[in-house]
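Reader: I'd like a close look at one part of this model, with the rest of the chain as background. Could you walk me through it?

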Amino acid sequence: MKRDELDEVTRRRGYELEMHRIMAAADAEWVEKYAAFIEATYTGQRLLDRKTKELFQIVVEAATPREILEVLEAVIMPMGGLAFRRGVQAWAAETGFREMT
């Protein structure tokens, strides 16, 4: 990744860590994916509060696959199908998806 591309990612994020510089030199694709992740979970406009967005980041970055499943179980499972249905409806509304008939 070129320095100007990393500078742009840093500008949007608001900070740069040594890890970002190392990963930019080693794996440009990681930087692109990580930047998109940060935008989606933290710096992008969302209705979620900052603490919730930080918790999403921690789960995705630090958790094992089993821990991620446990988080989903704790959030979605108590409401079961209702929560899943509402999530799919929200996704469809955001993406403009219409059921194919």
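Which residues form the negative surface patch?

Author: Sure, with a word on the ground rules. This is a predicted model, so local features need pLDDT of at least 70, side-chain atom pairs count only at pLDDT 80 or more, and totals for chains, interfaces and linings use all residues. Residues are numbered from 1 along each chain as its sequence is written, and side-chain values use heavy atoms, with hydrogens and water left out.

Your patch is made up of D4, E5, D27, E29 and E32. Patch members have over 30% relative accessible area and no salt bridge; like charges are joined within 9 Å, and nonpolar side chains (Val, Leu, Ile, Met, Phe, Trp, Tyr) within 5 Å. Asp and Glu count as negative, Lys and Arg as positive, while His and the chain ends are not counted. A charge is placed at CG of Asp, CD of Glu, NZ of Lys or CZ of Arg. Areas come from the Shrake-Rupley method with a 1.4 Å probe, and for residues only the protein chains shown count as cover.

Two helices, α1 (3-13) and α3 (28-43), each give at least two residues to the negative patch. Helices here are DSSP runs (H or I, at least four residues), as are strands (E, at least two), numbered from the N terminus. Take E5, which sits in α1: its relative accessibility is 36%, so E5 is partly exposed. That class lies between buried (under 20% relative accessible area) and exposed (over 50%), with a 1.4 Å probe and protein chains only.

Now for a charged pair. The structure has 1 salt bridge, meaning a side-chain nitrogen of Lys or Arg within 4 Å of a carboxyl oxygen of Asp or Glu. E16 and R21 form a salt bridge, with 2.9 Å between the closest N and O atoms. E16 is partly exposed at 22%, and R21 is partly exposed at 37%.

There's a nonpolar surface patch too, about 830 Å², built from L69, V71, L72, V75, I76, F84, V88, W91 and F97. Both α5 (65-76) and α6 (81-95) give it two or more residues, and α5 has the largest share, 5 residues. W91 belongs to α6 and is partly exposed, at 48% relative accessibility.

As for the whole chain, you have 6 helices and 0 strands. Its radius of gyration is 17 Å, well over the 13 Å that the globule rule gives for 101 residues, so the chain is more spread out than a compact globule. That radius is taken over C-alpha atoms, and the rule is 2.2 Å times the number of residues to the power 0.38. Buried residues make up 18% of the 101.
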